[in-house]
Amino acid sequence: MTASIPALLGLLAAAAAAATALLAPSERSRLFAMAAALVLAPLLIVGDMWDGTRLDGVRANPLLAAAALAVVLAAVVGLGLALRRRPLLFCVLLVAALPLRVPIGLGGETSNLLLPLYLVIAAQLVATALDPEGARARALRRDAALMPAAGRWCFRALALSLVVYAALAAYSLDVSNAIENVAFFLVPFAVLAALVVEQPWGRRELSAGLVTVGISAVVFAAIGIAEFAAGGLLLNPALEQSNQIHLYFRVNSLFFDPNVFGRYLALAVVLLGAFLAYGAETSNRERLAAGAAAIVAVVGLVLSYSLTSFLAVGAGLVVVSVLRWRLRGALAALALGAASLAVLVALGGLPNSSMTDRELDTSGRTSLVSGGIELAEARPLGGYGSGSFGRAFYENIREARTTVSHAEPITVAAEQGAVGLMVYAALLVASIAAVWRAGLRSGAGAAVAAAYAAILVHSMGYAGFLIDPVTWVLLALALALALARTHGERPASDPAV
């Protein structure tokens, strides 16, 4: 066992608390589990880093650290009180915070953390705890007896994924990375999903979320377009150096990685496309605004040169077409895909044998995939342990810095072996069933299903499935929309996405 006993116990405790937040039948149990999970997560990080150099400043200035913690807690409580008074604010802040990463320097190393999102999650937990009058409505929305079977199994699979990931960190080659994944991503996102399910997602809430998506996409895309026009980037010097030797110039806006930038814009395009497909009752002004935002997002997406993101857009829009127009939509999507392929061929846009790996920029990703397969074959049952891909690749394949294989199933196979693959497969089946069921019932559900298809396809080519908060939000929204219909609520089934 490579993980220390305290680290492993902490991982299991945090994962168990997050799983309980997803599955507990009573609100009191869920609130206690969510609070415990959000306390344990930062303690895991502090415990893992305490003896290293990254927390030298904290150890040297404990009073300053305590004062900073007090300020953060005050901000959480203050925002929580605001969210309690104006519940609609949660929808806006949640959507706005999902892509925002703040660079934090500790001990000479910089980490890009979802600090705004963590603040929103903690504040919404405070707002929920301080709202006993809404407990009955939340209890009805989480009534297990009325919850669709696909939704129940989806949340069970998510909870199982958490516990299995924590348990398989026991023998990981990189326990610290497993701790970071659990504390920074899996645990807080599980709490987020539990909070999202309990919110009333009606027309106003979904409309506010979509407007925020559109505005954010336009802002991020405009920054990317400005980068392209200026020939320089705001972030990631390594990418700027790479642009000097490529035939094309990739932009990343306020995202460190152009593929993450592309993923966000792809999701925005799919959601806006769903709005246009289902928005027959909306005004011309709203449709024009959504179309204009989608066009700007597409331009930014093109400049990111993220091929996986293009595939994600295609997958999402195909789902929209099928759910909206059934067989006619499927045929139209196939025709559009064939036409697009023909245009690419005519323009010489497809790769050919005369193009080098450097021009295609795929050699690194290909080696990660093939190396990941080798790692999975070497340890087929349990893999190298959760969070271990980068270290295992470095020690057994090639001395290269990486954390994932850029193909989610391969990362899971290399880290968790057959055990993890079975849990991953179960999660895929349950989640697809849940979002598809939601997509058949309303326009909002169709938007969720399409966006989930987009992020699922993107994760197959780039990774970042459960460590992306959007995945958790979409699954929680699918379940919330299904529960709203069960209870007779009207979840903005038509244009509001």
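How much of the accessible surface of the protein belongs to carbon and sulfur atoms? In this predicted model, the accessible surface comes to about 22,100 Å², and 67% of that area belongs to carbon and sulfur atoms.

## Overall architecture

The protein holds 20 helices and 2 strands, and 51% of its 497 residues count as buried. Among contacts between residues at least 6 apart in sequence, 74% join residues at least 24 apart.

On the surface, a nonpolar patch is formed by Met-1, Ile-5, Leu-9 and Leu-12, which together have about 410 Å² of accessible area. One of these patch residues, Ile-5, is found in helix H1, which covers residues 5-23.

## Nonpolar cores

The largest nonpolar core has 137 residues, and those with the most contacts inside it are Leu-22, Leu-94, Leu-117, Leu-158, Trp-201 and Trp-472. Helix H9 (residues 175-197) gives the largest share of this core, with 18 residues. A second core, separate from the largest one, is made of 7 residues, among them Leu-368, Phe-389, Ala-392 and Ala-414.

The surroundings of Leu-158 illustrate how the largest core is joined across the sequence. When residues up to four places away in sequence are not counted, Leu-158 touches Leu-22, Leu-427, Leu-466, Trp-472 and Leu-475. Of these partners, Leu-22 and Trp-472 are themselves listed with Leu-158 among the residues that have the most contacts inside the core.

## Helix H8 and the setting of Gly-151

Gly-151 is found in helix H8, which spans residues 149-167. With a relative accessibility of 4%, Gly-151 falls under the 20% limit and therefore counts as buried. Leaving aside the neighbours within four places in sequence, Gly-151 is in contact with Ala-434 and Leu-479. Another pairing that spans the sequence is that of Gly-151 with Ala-433, since the two are 282 residues apart in sequence and yet lie 8.1 Å apart in space, from C-alpha to C-alpha.

## Cysteines

How many disulfides does the structure hold? The count is 0 disulfides, a disulfide being in general a covalent bond between the sulfur atoms of two cysteines. Two of the cysteines can be described by their accessibility: Cys-91 counts as buried at 3% relative accessibility, and Cys-154 counts as buried at 1%.

## Salt bridges

Side chains of opposite charge can pair when their charged atoms come close. In this model the count comes to 2 salt bridges. In one of them, the side chains of Glu-198 and Arg-30 meet at 2.7 Å, taken from N to O. Glu-198 lies in the loop between H9 and helix H10 (203-230), while Arg-30 lies in helix H2 (residues 27-49), so the pair ties together parts that are 168 residues apart in sequence. Glu-198 counts as buried at 1% relative accessibility, and Arg-30 is likewise buried, with a relative accessible area of 1%.

The other salt bridge joins Arg-263 with Asp-468, whose closest N and O atoms are 2.6 Å apart. Because Arg-263 lies in helix H12 (residues 258-278) and Asp-468 in the loop between helix H19 (443-462) and helix H20 (469-486), this pair ties together parts that are 205 residues apart in sequence. Arg-263 counts as buried at 6% relative accessibility, and Asp-468 is also buried, with a relative accessible area of 10%.

## Backbone conformations in two loops

Most residues other than glycine have a negative phi. Which residues have a positive phi although they are not glycines? Ser-253 has a positive phi of about 55°, and Tyr-305 has one of about 50°.

Ser-253 lies in the loop between helix H11 (237-245) and H12, the latter being the helix that holds Arg-263 of the salt bridge with Asp-468. Tyr-305 lies in the loop between helix H13 (284-304) and helix H14 (307-346). As for solvent accessibility, Ser-253 counts as buried at 0% relative accessibility, whereas Tyr-305 is partly exposed, with a relative accessible area of 38%.

Definitions and conventions:
Residues numbered from 1 in each chain as written. Predicted model: local features only at pLDDT ≥ 70, side-chain atom pairs only at ≥ 80, totals over all residues. Heavy atoms only, no water. Helix = DSSP H or I, 4+ residues; strand = E, 2+ residues; numbered from the N terminus. Buried < 20%, exposed > 50% of the residue type's maximum accessible area, 1.4 Å probe, protein only. Contact = heavy atoms within 4.5 Å. Disulfide = S-S within 2.5 Å. Areas by Shrake-Rupley, 256 points an atom, 1.4 Å probe, with all protein chains shown as cover. Patch = residues over 30% accessible without salt bridge, like charges linked within 9 Å, V, L, I, M, F, W, Y side chains within 5 Å. Salt bridge = Lys/Arg side-chain N within 4 Å of Asp/Glu carboxyl O. Core = buried A, V, L, I, M, F, W, Y, C linked by side-chain atoms within 4.5 Å.
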